[in-house]
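Grab a pencil and have the model open beside you. Try each exercise before you read its solution.

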Amino acid sequence: TVNISKQKSFRNVDKLNNNNKPFDVEIEEFDEEDTDENAWDYFYNLEKRLCGIKNDSFVRLIRVLLSFPFVIVAATINPNSRLSILTSLFAIRFVNILIYAVPIILVEFVLSKYLTKTLQTAVVCLYILLFLVPVGLVAFAKIRVTFSTSKIEEGTFCFKPARTVKLSHANFYAMTGFAFDWLQHVLYVIPTGILTPNGRVARLSDFPPFLNFDIYFWTAVAGSCACGLILILNAVLRGKLHYKYQKTNWVWILLYNLSSPMFVTFITVMFMGLSCDYSLSPPTLIQDPSIVCYSNRHKTMVQCALIALSVYILQNTLLPSGTFKETMRGNDLDIMFVPVYLQAFFFLKTIFCGIYVYFYTDNMTRCIVLTIINMLLLLMNAYMKPCSVEWINILRDTIFMHATVSGIQSLNYLAWDNDYSTKGLLLSTLSSNIVFTTIAIFIYYNIT
């Protein structure tokens with residue numbers, strides 16, 4: 001590396017290699033009096049600062065933004081595969097620009113022109129599958145390797161195993177995420193109208209703290225973008241500022257909480273921002289009937305939601321926040337999972353949220369698909385035992401067992417004629433089954 005000083009001019013710099021053989025580094029002579037016209041002025045200007053930050057940091061920021069988030073996908077591609085062309089810098093930046101441009105094009109020329117539920121659902125599903133397909137291929141290929149005893153694949157073991165869970169704020173947030181998991185996976189498979197009067201569609205504004213849907217939506221979008229920004233800054237910053245950034249514990253705890261415990265919530269709310277009631281004319285947003293679908297206000301919501309979904313899904317499925325060295329460096333977080341498990345877990349959860357939102361009124365389809373996904377999550381957790389803390393694996397098994405039981409009972413409810421009395425019967429039997437299975441699992445694992 002050659003150190004360039006603004007006070008000196010260089011012509012030839014001789015440097016010796018390990019064999020004491022000199023070689024020349026040619027540098028054009030720099031005349032300090034022609035700073036405005038000389039090409040070297042560009043490099044010197046990079047040393048200038050804006051708001052205390054070097055200009056070259058802003059240059060790196062632009063370069064990272066041109067590559068993120070598709071660079072995450074490119075990093076998982078085998079260099080020897082047919083898709084290796086996507087790992088070139090040009091391909092990464094080209095595809096990445098498409099990620100930001102395609103939602104705008106789709107909204108302006110497709111979604112806002114053809115207001116039918118079938119087309120809307122198909123277009124959004126195809127857009128999301130562009131990101132989910134590579135995630136699924138990577139995750140389930142690694143899971144397949146776990147069946148082999150002759151090969152250990154990266155991401156199939158825990159990097160920081162723990163045997164106990166101490167009382168800390170990080171572990172508390174993780175346990176809060178498990179409570180959200182339990183509520184969402186149990187309630188998402190219950191038929192429409194069971195928890196709301198007169199069979200009305202449930203809206204977020206109907207439940208505490210009774211906020212307008214706009215607040216939930218923009219909070220989810222902002223949280224998703226914040227996750228991406230944290231990773232972007234980690235790649236952009238340099239020197240002491242980068243060191244302080246990596247050592248700032250609350251940044252990585254924030255990333256963990258926005259990514260893992262809030263994943264289903266954020267994905268669901270952003271999907272809700274795309275879901276309209278097409279039985280009305282003009283169609284309105286299901287969660288907020290005051291918003292006319294594909295008005296200027298709603299167009300902005302859809303475009304932001306699609307971009308945020310692409311960033312959030314790619315980041316949290318291919319780079320789960322619980323696997324970062326910055327997250328594992330501290331001693332507060334003991335509840336960690338095998339990386340490949342988290343990739344498959346978030347992959348299935350994304351499908352889970354999409355099915356819930358887009359097939360919300362189609363009870364039979366929604367309950368069947370979501371129950372199957374809950375079964376897959378239960379089997380995957382029981383087989384892989386992804387956490388090194390045994391009772392955490394048991395707790396997760398219990399959560400998905402309850403969700404599966406909820407789905408099975410909901411399907412039985414839908415298979416027969418129902419009225420108000422059968423609605424109460426569903427809730428009472430589901431509650432009793434959840435209590436019984438919880439007690440049974442606790443006794444079984446404490447005695448055997």
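Below are three exercises, each with a worked solution.

A word on the ground rules: this is a predicted model, where local features need pLDDT of at least 70, side-chain atom pairs count only at pLDDT 80 or more, and totals for chains, interfaces and linings use all residues. Residues are numbered from 1 along each chain as its sequence is written, and side-chain values use heavy atoms, with hydrogens and water left out.

**Exercise 1.** Work out how helix α7 and helix α11 are placed relative to each other.

*Solution.*
- Step 1: find the helices, which are DSSP runs (H or I, at least four residues; strands are E, at least two), numbered from the N terminus. Here α7 covers residues 213-236 and α11 covers residues 296-318.
- Step 2: take their axes, lines fitted to C-alpha atoms over the stretch in contact, with angles from 0 to 180 degrees between N-to-C directions. The two axes come within 9 Å and cross at roughly 40 degrees.
- Step 3: classify the angle (under 35 degrees is roughly parallel, over 145 roughly antiparallel, 65 to 115 roughly perpendicular, the rest oblique). So α7 and α11 are oblique to each other.
- Step 4: look at who touches whom, with contact meaning heavy atoms within 4.5 Å. Residues of α7 including Phe217, Trp218 and Val221 meet a set in α11 that includes Met301, Cys304 and Ala305.

**Exercise 2.** Track down the disulfide and describe where its cysteines sit.

*Solution.*
- Step 1: search for cysteine sulfur atoms within 2.5 Å of each other, the cut-off for a disulfide. Cys276 and Cys293 fit, with sulfur atoms 1.9 Å apart, and the structure holds one disulfide.
- Step 2: check the S-S torsion; for Cys276 and Cys293 it's about -115 degrees, so the disulfide is left-handed.
- Step 3: place the partners. Cys276 is in strand β5 and Cys293 in the loop between β7 and α11, 17 residues apart.
- Step 4: check accessibility (buried is under 20% relative accessible area, exposed over 50%, partly exposed in between; 1.4 Å probe, protein chains only). Both Cys276 and Cys293 are buried.

**Exercise 3.** Which backbone features stand out in the loop between α6 and α7?

*Solution.*
- Step 1: remember that most residues other than glycine have a negative phi, and most peptide bonds are trans.
- Step 2: check omega. Pro208 and Pro209 are joined by a cis peptide bond, with omega about 5 degrees, and Pro209 lies in this loop.
- Step 3: check phi. Phe210, also in the loop, has a positive phi near 60 degrees.
- Step 4: finish with accessibility: at 54%, Phe210 counts as exposed.
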